[in-house]
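Here is a short note to read with the model open beside you. Take the points one by one, and find each residue or element on screen before moving on.

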2 protein chains.
Amino acid sequence: MSTVRLLLADDHPIVRAGLRAVLEGEPDFEVVAEAPTAERAVALAGELDVDVVLMDLQFGSGMGGTQATATITARSGAPRVLVLTTYDTDVDILAAIEAGATGYLLKDTPPDELADAVRTAAAGRSALGPEIAQRLMDRVRRPTEALSLREIEVLQLVAEGLSNQQISERLFLSQATVKSHLVHVYAKLGVDSRTAAVATATARGLIRR
Amino acid sequence: MSTVRLLLADDHPIVRAGLRAVLEGEPDFEVVAEAPTAERAVALAGELDVDVVLMDLQFGSGMGGTQATATITARSGAPRVLVLTTYDTDVDILAAIEAGATGYLLKDTPPDELADAVRTAAAGRSALGPEIAQRLMDRVRRPTEALSLREIEVLQLVAEGLSNQQISERLFLSQATVKSHLVHVYAKLGVDSRTAAVATATARGLIRR
DNA sequence: GGCCGCATCCATCGAAAGGTTGAGGTGGCC
DNA sequence: GGCCACCTCAACCTTTCGATGGATGCGGCC
């Protein structure tokens, strides 16, 4: 088995040090570089001979990890990108996969599972953490839970602090219609109040914050 | 200078490895143990001879870092607790200080600053990251706009979708008290409903999520 | 064509949750 | 002592919210 050449992209020095410590314990891994920003990760992935990029999604400023993933994987002969982040919201996961990520893991993954995932990704097979796989299963299993465009539109305004009255004016609807949309939202999200709906919707990344 | 004995409390193995790697580079530091849960951190802080606990606030499940901090620092001869987390919202910061934390740093702190902060904490002096210090300065500069700890606590639960009834049960208060806090929050934030309060509070980074 | 599911839209109504007012107790600070 | 901010609570009132029920139009499917 040949050695896997790695690039670590994370804005936290501590996390980079942790990844390095964990991964360099594996004889078949070699960390060739670290990137503290998404831009730097894109540049290094192009310059160096890298097999797998470990990519965080949240960077303090500048380009995000998702966009960096898309940019890197768009090139021919590009390395695999294994997303390694803290959050498991639907938006993040779907966007990352859409952007061409080969895998998606959470940062609380045990070191040995992480190493396995890196090898899987290096081989070109998709590597998803168990929680992530579960989320994707849930999505395809219950497609009815998806909110309609109009429902999301209303819910977004609720999250911005508007009352039903204000929302109805903004969208040229009657209050009754606004309430109707919200009732459907509650049913789909399994909650029974506007604040709870906003909470779970943001947790799932359904609406903007 | 005597050596500083450290306990690392974080649910992410990778972060623990990173902290260990960074801190063991310092000749005057010794990592005596790691804790993957808040409960374990409390136990180890009591059993072992520890000078400083590096404490995360978010643990996947069970006790939170804030409560663990309070429990640890309540004992006599307790170690100093240095909070090391990702978020710099007012809730987290104030609650941690209230719980007896000696310092508060963000995880993107450079290794050398981290080492300095650990020494400062070990000496019993408070160690705050620059962003944290700035937030606290802003609070004292504009005291009328600042929310009290209790108000933020209530507002945080509102943002998580709880009703006044649920909040009162969670905090062992009457509903009247919860409403009273919220009225003050509305006045300070210049809004007139719970959802609007959540919206502006999150925009200002007063609460999490 | 006829049926069904779904999204969008609307009216009515009762109740509960939320918001207002007022007020007491504590502790810090000048 | 006097002032102020914070935390706590009770009782009242009302507005908003959520529940219920129903209408329309569109698209897919048998």
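1. Start with the DNA. Keep in mind that this is a predicted model. Among the atoms of DNA strand D that lie within 4 Å of the protein, 61% are part of sugar or phosphate, and the rest are part of bases.

2. Next, look at who surrounds that strand. There are 16 residues around DNA strand D, and the ones that come nearest are Lys179(A), Tyr186(A), Ser148(B), Arg150(B) and Ala176(B). Sorted by class, the surface near DNA strand D has eight polar, four nonpolar and four charged residues.

3. Which helices supply this surface? At least two residues each come from α9 (175-189) of chain A and α9 (175-189) of chain B. The one that gives the most is α9(B), with five residues.

4. Now zoom in on the phosphates of DNA strand D. Asn164(A) places a polar side-chain atom 3.3 Å from a phosphate oxygen of the strand. Arg194(A) uses its backbone instead: one of its polar backbone atoms is 2.9 Å from a phosphate oxygen of DNA strand D. In chain B, a polar backbone atom of Ser174(B) is 3.0 Å from a phosphate oxygen of DNA strand D.

5. Stay in chain B and follow α9(B) away from the DNA. The axes of α9(B) and helix α7 (residues 149-159) of chain B come within 9 Å and cross at roughly 95°. The two helices, α7(B) and α9(B), are therefore roughly perpendicular to each other. On the α7(B) side, the residues that meet α9(B) are Arg150(B), Glu151(B), Val154(B), Leu155(B) and Val158(B). Their partners in α9(B) include Val178(B), Leu182(B) and Val185(B). By class, this contact of α7(B) with α9(B) has seven nonpolar, two polar and three charged residues. You have met Arg150(B) before, as one of the residues that come nearest to DNA strand D.

6. What is the strand order of the sheet in chain B? Its six strands run β2-β1-β3-β4-β5-β6, paired in parallel, and the sheet is open. At its edges are β2 (29-35) and β6 (127-128) of chain B, each pairing on one side only. Inside the sheet, β4 (residues 80-85) and β5 (residues 103-106) of chain B pair in the parallel sense over four bridges. To find your place there, look for Leu82(B), which stands opposite Gly103(B) in β5(B). Helix α2 (residues 38-47) of chain B lies across β1 (4-9), β2 and β3 (52-55) of that chain, at about 135° to β2(B).

7. Chain A also has an open sheet of six strands, in the order β2-β1-β3-β4-β5-β6 with parallel pairing. Here β2 (29-35) and β6 (127-128) of chain A each have a single partner strand, so one side of each has no neighbour in the sheet. Strand β5 (residues 103-106) of chain A pairs with β6(A) in the parallel sense over two bridges, and Gly103(A) stands opposite Ala127(A) in β6(A).

8. Finish with a helix pair in chain A. Helix α1 (residues 13-23) and helix α5 (residues 111-122) of chain A pack at about 80°, with their axes 10 Å apart. This makes α1(A) roughly perpendicular to α5(A). Leu19(A), Val22(A) and Leu23(A) of α1(A) make the contact with Pro111(A), Leu114(A) and Val118(A) of α5(A). By class, the contact of α1(A) with α5(A) has six nonpolar residues, no polar and no charged.

How values were computed
Residues numbered from 1 in each chain as written. Chains lettered and ligands numbered in written order. Predicted model: local features only at pLDDT ≥ 70, side-chain atom pairs only at ≥ 80, totals over all residues. Heavy atoms only, no water. Near = heavy atom within 4 Å. Polar contact = N/O pair within 3.5 Å; in protein donor to acceptor, adjacent residues only side chain to side chain. Nonpolar A, V, L, I, M, F, W, Y, C, P; charged D, E, K, R; others polar. Pairing = 2+ DSSP bridges. Contact = heavy atoms within 4.5 Å. Axes fitted to C-alpha atoms, helices over the stretch in contact; angles between N-to-C directions. Parallel < 35°, antiparallel > 145°, perpendicular 65-115°, else oblique.
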